[in-house]
Amino acid sequence: MNKTLKKPSKLLLKTLLVFLILVVALAIYFIAAIYQPTPEIANREIEMQEVTTISVDFRKLGKNWLRKSESGLWEMYIEGDGFERGVVNGKLTKELAEFQETVFINQLKELVPSDSYLNFLKYFVAYFNRNMAKHISEEYLNEIYGVSLSASDKFDKLAPKYYRILNYHSAHDVGHALQDKNMAVGCTSFGVWKSRTEDGKLLLGRNFDFFAGDDFAKNKIVCFTKPTTGYKFMYVTWAGFTGVVSGMNDQGLTVTINASKSDIPKSAATPISLLAKEILQYAKNIDEAYSIAQKQQTFVSESIMIGSALDKSTAIIEKTPTKINLYSEEGEQLICSNHYRSKAFESNFINNKNIVESSSLYRKFRMEQLLSRTEKFNPKDVAKVLRNQNGLNDRKIGLTNEKGINQLIAHHSIIFKPEERLVWVSASPFQLGKYVCYDLNKFFEEAPKMVESKELQDISRTISADSFLYSKGYKDFLLFKQIKHYIQYCTKSPYDLKINEIHLKAFANSNPNSYFTYWILGDYYAKIKDNENAILYYSEALKKEVATEKEAYSIKERLLLLQKKGN
């Protein structure tokens, strides 16, 4: 009896040993695969320099500085090579970066409430991005490393500082690649020139509709950079992030990025924001921008809109992980939403599916409609288009609708006049605050000599805040957001939480033209098993302008399920 028991025990022991060896081997491989060595820096003198706090909202480090404008925008001037810029950036924005990272992590937890799934995502992203550094230039790796030296200790359990900051630069790409509905899906931009502007000079406007919570856009930074190599440039960003989503260089070249639909990539490549930055830093015209884009491999599909003072026109670089095309039109205006326009992609299944199912084509048509109403544009006219909230034929489609040009979620809105090196950046909230104007030539002349905080904006060219900001409609919008969060919390809660009918009615009245309002109410009533009201509100949602086919299908599914139960 004992002998027969010993044999399976030995077999079991051997099996466990083999399994343990495999687990250890896999762990060693995983750690080796995701390991990111820190860059080797020859000259680290900049690390020894300390920030001088001149006043509450103004700090300096050498010629570099950070200040808060009276507009609420943070302005930053930095210079040097990659590592120097990174160290200075990190030191100047240390507190802002900790706030930004806290907000980002909290938003991530809200989107993915499961700790186990978040943990899985952490390791998935680590492995997915294992080769990303190979696709980033030494200059930009050094800059990211420099920033990471001042990163907060609060999130060291999540990942080491350099590793975290490096991976944050791919957050847009990873989220864009792996989610059907990501946080940057509805950006819209356009350019007009020659006969379409009052003085014949090029004008561009863009809404960066990236939303990661209200606090994420609280500390927008307008960064002016004088690199050791390449051209001087400005871009709108946030603390801890060195990539570019909207910017212009001193040659009058502008860059903005709009997400397009992607197939799921096999591994990481160059983050699109760092490609945009390279174009901004090293290109002076459309051809040079396209040449840089051709050389870099990216892992998502993106439309990169280029405005050029030298070319006096605009073009769109349509780029996927496997294909690239330069798109332009014979006319004197160009619109960019979130799908490809050129013949090179007319038979592309993913792009065509995106056109049918997303809000992109709708916004293109709406933009064409809005542009047709102004014969010759000036910067104020551009702002008016970017602030428009209505749908086709001025239909009231509800606040925050993805089909609107202004969805009231924009991190920032920006207007360029490249031939005069002028740029307007929207102050909070969204694109409703005033557009602050900067003259790049003037700014780069005065910034290195700044010893005390002073306004460098061109006040004479300020575009006033949107009147909507002071209306009952805006108060209703704030109420809508406040009650929406409460209703969604109660709906998702495992507990039997009931909401007062007065609040539900106030919510319905706060945004009555939005399908989203009635969808949320339908979900709440379905949760508390009030099927009659749930059917009523789902039906009402489908009568409104639903943003995407996917959302319309989801509402219909819920409605049909309840109707079947009723029968």
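A crossing of two helices is called left-handed if the near helix is turned anticlockwise from the far one by less than a right angle, and right-handed if it is turned clockwise. Keep that in mind for the helix pair described first; the structure here is a predicted model.

**Helix 17 and helix 18**

Let us start with helix 17 (residues 531-543) and helix 18 (residues 549-566), which pack with their axes 9 Å apart and at an angle of about 150 degrees. Angles over 145 degrees count as roughly antiparallel, so helix 17 is roughly antiparallel to helix 18. Their crossing is left-handed.

Which residues of the two helices make the contact? From helix 17 come Asn531, Ala534, Ile535, Tyr538, Ser539, Ala541 and Leu542, while helix 18 supplies Ala552, Ile555, Lys556, Arg558, Leu559, Leu562, Gln563 and Lys565. Sorted by class, this contact has nine nonpolar, three polar and three charged residues. An α-helix has 3.6 residues a turn, so residues three or four places apart point the same way.

**Helix 5 and its surroundings**

Next comes helix 5, which spans residues 138-148. Is this helix largely enclosed or open? Ten of its eleven residues are buried, so helix 5 is largely enclosed by the rest of the structure. The buried ones are Glu139, Tyr140, Leu141, Asn142, Glu143, Ile144, Tyr145, Gly146, Val147 and Ser148. They pack against helix 2, helix 6 (161-168) and helix 8 (272-282).

Glu139 deserves a closer look. Its relative accessibility is 18%, and buried means under 20%, so Glu139 counts as buried. Apart from neighbours within four places in sequence, Glu139 is in contact with Gly82, Arg85, Thr229, Gln281 and Tyr282.

One of those partners, Arg85, sits in helix 2 (residues 82-92). Arg85 also counts as buried, because its relative accessibility is 0%. The side chains of Arg85 and Glu139 make a polar contact at 3.0 Å.

Arg85 has other partners as well. With neighbours within four places in sequence left aside, Arg85 is in contact with Ile78, Glu79, Gly80, Glu139, Tyr140, Glu143, Thr225, Pro227, Thr228 and Gln281. Among them is Glu143, and the C-alpha atoms of Arg85 and Glu143 are separated by 6.2 Å, although the two residues are 58 apart along the chain. Gln281 is listed as a contact of Arg85 and is also a contact of Glu139.

**Backbone features in the loops**

Two residues have a positive phi although they are not glycines: Asn393 and Lys529. The table sets out where they lie and how accessible they are.

| Residue | Phi | Loop | Relative accessible area |
|---|---|---|---|
| Asn393 | about 60 degrees | between helix 12 (379-386) and strand 15 (412-417) | 64%, exposed |
| Lys529 | about 65 degrees | between helix 16 (515-527) and helix 17 | 69%, exposed |

The loop of Lys529 leads back to the opening topic, as it lies between helix 16 and helix 17.

Where is the cis peptide bond? It joins Ser428 and Pro429, with omega about 0 degrees. Pro429 belongs to the loop between strand 16 (422-426) and strand 17 (435-439).

Terms used: Residues are numbered from 1 along each chain as its sequence is written. This is a predicted model: local features need pLDDT of at least 70, side-chain atom pairs count only at pLDDT 80 or more; totals for chains, interfaces and linings use all residues. Side-chain values use heavy atoms; hydrogens and water are left out. Helices (H or I, at least four residues) and strands (E, at least two) are DSSP runs, numbered from the N terminus. Buried means under 20% relative accessible area, exposed over 50%, partly exposed in between (1.4 Å probe, protein chains only). Contact means heavy atoms within 4.5 Å. A polar contact is a pair of N or O atoms within 3.5 Å; within protein, one must be able to donate a hydrogen and the other to accept it, and residues adjacent in sequence count only if both atoms are side-chain atoms. Axes are lines fitted to C-alpha atoms, for helices over the stretch in contact, and angles run from 0 to 180 degrees between N-to-C directions. Angles under 35 degrees count as roughly parallel, over 145 as roughly antiparallel, 65 to 115 as roughly perpendicular and the rest as oblique. Ala, Val, Leu, Ile, Met, Phe, Trp, Tyr, Cys and Pro count as nonpolar, Asp, Glu, Lys and Arg as charged, and the others, Gly among them, as polar.
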